[in-house]
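Please open the structure in your viewer and keep the selection tool at hand, since this tour moves from stop to stop and asks you to pick out residues as you go.

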Amino acid sequence: MSPQPPKPPERSTRRDLERYAGLFSARTRVMTSSATRDLMAMSDRPEVISFAGGLPDTSSFPSEKFAAMTARIAEESCARALQYGPTEGLPETKRCIADVMAAEEMSVDLDDVIVTTGGQQVLDLVTKTLIDPGDTIVAEGPSYPGALNAFQAYQANVVQIDMDADGMRVDMLEETLDRLEGEGVRPKFVYTVPSFQNPGGVTMSLPRRRRLVEVARERELLVLEDNPYGLLRYEGDPAPTLYSLDGGVYVMYLGTFSKIFSPGLRLGWVVAPPPVLTRINLGKQQADLCTSTLSQLLVQAYFERHDWRSYVDTLTGIYRSRRDTMLAALAEHFPPQAEWTRPGGGLFIWATLPEFIDTGDLLARALRDDVAFVPGEGAFLDGRGRNSMRLNFSGASEDRIREGIRRIGEVVKEQVDLYGTLTGQAPAQPPRHDAVADAAAEGDAESARVVELPRRSDGSRRARRS
Amino acid sequence: MSRVAVLAGGSSLERQVSLRSGARVEDALERLGHEVVAIDAGTDLVRRLRDERPDVAFVAMHGRDGEDGTVQELLEILGIPYTGSGVPACVRAMDKVLTKHLLMEAGVPTPSFFAFNQTAFRALGAADALPAIEERLEFPIVVKPSSQGSALGIKFARTAADVPSALVAAFSYDAKVLLERHVRGRDLAVSVLHGDGGPVALPVVEAVPVGGGEYDFQARYEIGRTEFVCPADLPDGATERAQELALRTYERLGCYGFARIDLMLDESGDLFVLEANPIPGLTETSLLPQAAEEAGVDFDELVGRILDSAFARATTQ
């Protein structure tokens, strides 16, 4: 019998907390816990129809396949599965990665790849490798909040570039780089999700991709291309990745198995120029020595015996229907003052409401009707995005999508009406922008709906209010 | 030793804080030797209370249902003694508009205000009265939902153009909202605790935004953005007056056991009561436990005293 475990220590007193508080690093000061975050936790209740997550539909993976894969690993490579592995990852896993990248017309030297614990670790490692406190990172606005958190944890200064339906405004990027250069600031890298962006749902056009790669070369600027959704394409032709356009000189590439197989395995990868990769490898050694060997062997077993592409096709079929359902529901239930992106792939729609609606407050109201989304505020670091929301369409059934969007539409209409009453006028129709929705089918009336992404202009910039 | 049901969670917007408060109370009760039954207040609350047959319920819920008298009403029906204020005090305190009317009648200073429900705007044309309100209150105006306990939905309107969207935001939380004169000054909290000789005001806690800058309601609820100073270093007599106002508020609302009263101290030294919280937070960073500790009452003793007050009320009824 093992001895009785010691009694757990008593909960902290205030004095203890103060003692610990004195030990916290300066970078943890940006890791805040907010009322809005507590609000988000409310969306976990089972009765809530939540469009808040970014969850792939793992229930569509056949459990008997998973059982066979795990059994095979247990029989054939038990000791190895339970052992440490090389920091850079198993060669078998890297071959699977080459396979996935080839599906998007990329060829990669396996020596240039490090297998990571999810794509999120790439964000952490690249930032750790390149960023000193106060260094500048250029990102899209809106950006993936998980990336912004990683950047902030290393005390980076993040500059966000406006987007439209063709992705990041590369012309504005160049203006910004000029301005920063004038201020003596040389950004360390540009972070972008060019395909089916999270949270914007838009895709960078080919001319902009070409220009971005040129800009990177002209200015000797690194680009981190985050591409979790590229294979989840529901229409149109694939655009070449920045990595393939650049050949891996200035573009670092982040890939993941999370959206094409399983986020639970926590398997991603980074491709980077060798000198950068060497540093990332050292950083990974310090962080976790190596990525889970068991997870890597599972991917290998899966790729060897099963047609991973047909599973992606299955997912693509499911998500396409769900996207179409959500777009149709938005058109039916959202008031004319609302606008949203029409993603050609990925998991998210970005909807923007009139300026007078704060989506953080709207979420509180929506939760009373048991429906949730992500307020747009977290996708910006400068107070923008307060009248936008991110809607995930991959994680809910079509019935629940229809019902959930109906409920959000009702509360939005309620607030639009109330505002009209308060101001004594029906709110004006928003001006139409020139940007046409991503991958919009020509002549389709619905696709003529334009994208409204928050601008930095005077009109849309809102002071950080209480 | 007693069998204590700790009620926490629920479906209010302050669920997360409540779960933290509840967990901490449970630990303290166990250390005090009580038998603890943890209950996340959901649709089976009444059934669970009937099945578990606790001697007493410790209500560690914040916001809707837990702090507005709903759960207290159920406990009355079930005949289970419970901690904290009774139904009438909860009803009064959760409604900031009612609270402010009662305070004004009692001569307790509170910032001037106007309150409306949505019907006033939708059916009675109250929007036409907004310019007059704005003139009377002067900008900036604070717009807040009448019943929300945390910072959620509280907005500053700096100009007339901000008012409609601030109202829309506040109406996200409640059908009734108030527009209140903004008191520029120091943000104070006085907790009141049941004692042998009646309620006692604890040392004053001041919320100070980190790094100065513009006051931001949200900051108070974000770890790391606000520092709490206890006892607050206040001008002569201000501490005593703040404590006296807190006690008067507590008594006027009919609170029992414990409560936290939030006040503002303006630049000319005048104090104003903003609101009362019948079940303030009991987490590691909450203000009532900090104030109690400053008064020499550690967390376990605080929980024990709150529990004793529940039994004391039950025996006098």
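The tour below goes through salt bridges, nonpolar cores, packed helices and a few unusual backbone sites, and throughout it you should keep in mind that this is a predicted model.

**Stop 1: a helix and a strand joined by charge**

Side chains of opposite charge can pair when their charged atoms come close. A search of the whole structure, taking every chain into account, finds 45 salt bridges, and the tour visits some of them. Begin by selecting Glu180(B) and Lys100(B), whose side chains form a salt bridge with a distance of 2.5 Å from N to O. The two partners belong to distant parts of the chain, for Glu180(B) sits in strand β7 (residues 176-181) of chain B and Lys100(B) in helix α5 (residues 96-105) of chain B, 80 residues apart. Are these two residues buried or exposed? Glu180(B) counts as buried because its relative accessibility is 2%, and Lys100(B) counts as buried because its value is 0%.

**Stop 2: two helices of chain B**

Stay with helix α5 of chain B and add Arg252(B) and Glu105(B) to the selection, because here too the side chains meet in a salt bridge, with 3.9 Å from N to O, which falls within the 4 Å limit. Arg252(B) lies in helix α9 (residues 238-253) of chain B while Glu105(B) is in helix α5 of chain B, so this pair ties together parts that are 147 residues apart in sequence. Arg252(B) is partly exposed at 32% relative accessibility, whereas Glu105(B) is exposed, with a relative accessible area of 62%.

Now show both helices in full. Two packed helices are described by the angle between their axes and the distance between the axes. For α5(B) and α9(B) the angle is about 110° and the axes are 10 Å apart, which means that α5(B) is roughly perpendicular to α9(B). Their crossing is right-handed. To see the contact itself, select Thr99(B), Leu102(B), Leu103(B) and Glu105(B) in α5(B), which meet Thr249(B), Arg252(B) and Leu253(B) in α9(B).

**Stop 3: another neighbour of the helix, and an enclosed one**

Next, select helix α4 (residues 87-94) of chain B, which packs against α5(B) at an angle of about 100°, with the axes 5 Å apart. This makes α4(B) roughly perpendicular to α5(B). On the α4(B) side the contact is made by Val91(B), Arg92(B), Ala93(B) and Met94(B), and on the α5(B) side by Lys96(B), Leu98(B), Thr99(B) and Leu102(B).

Then move to helix α8 (residues 163-170) of chain B, where eight of the eight residues are buried, so the helix is largely enclosed by the rest of the structure. Among these buried residues are Val163(B), Pro164(B), Leu167(B) and Val168(B).

**Stop 4: a salt bridge in chain A**

Turn to chain A and select Glu377(A) and Arg386(A), which form a salt bridge whose closest N and O atoms are 2.8 Å apart. Arg386(A) counts as buried because its relative accessibility is 8%.

**Stop 5: the nonpolar cores**

Which residues have the most contacts inside the largest nonpolar core? They are Phe189(A), Phe257(A) and Leu391(A), and the core as a whole has 144 residues. Centre the view on Phe257(A) and show its surroundings: leaving out residues up to four places away in sequence, Phe257(A) touches Cys96(A), Ile97(A), Val100(A), Ser262(A), Leu267(A), Trp269(A), Val299(A) and Phe303(A). A second, separate core has 42 residues, including Ala5(B), Leu49(B), Met61(B) and Val205(B).

**Stop 6: backbone sites**

Finish with the backbone, first in chain B, where the peptide bond from Phe139(B) to Pro140(B) is cis, with omega near -5°. Pro140(B) is found in the loop between α7 (130-137) and β5 (141-145) of chain B. Another cis peptide bond joins Cys230(B) and Pro231(B), with omega about 0°, and Pro231(B) lies in the loop between β11 (226-229) and α9 of chain B.

In chain A, select Glu220(A), which has a positive phi, near 50°, although this residue is not a glycine. Glu220(A) is in the loop between α9 (206-219) and β7 (222-226) of chain A, and it is partly exposed, with a relative accessible area of 48%. The last residue to select is Arg266(A), a non-glycine residue with a positive phi of about 55°, which lies in the loop between β8 (251-256) and β9 (268-271) of chain A. At 33% relative accessibility, Arg266(A) counts as partly exposed.

Conventions. Residues numbered from 1 in each chain as written. Chains lettered and ligands numbered in written order. Predicted model: local features only at pLDDT ≥ 70, side-chain atom pairs only at ≥ 80, totals over all residues. Heavy atoms only, no water. Buried < 20%, exposed > 50% of the residue type's maximum accessible area, 1.4 Å probe, protein only. Helix = DSSP H or I, 4+ residues; strand = E, 2+ residues; numbered from the N terminus. Core = buried A, V, L, I, M, F, W, Y, C linked by side-chain atoms within 4.5 Å. Contact = heavy atoms within 4.5 Å. Axes fitted to C-alpha atoms, helices over the stretch in contact; angles between N-to-C directions. Parallel < 35°, antiparallel > 145°, perpendicular 65-115°, else oblique. Left-handed = near helix turned anticlockwise from the far one by under 90°.
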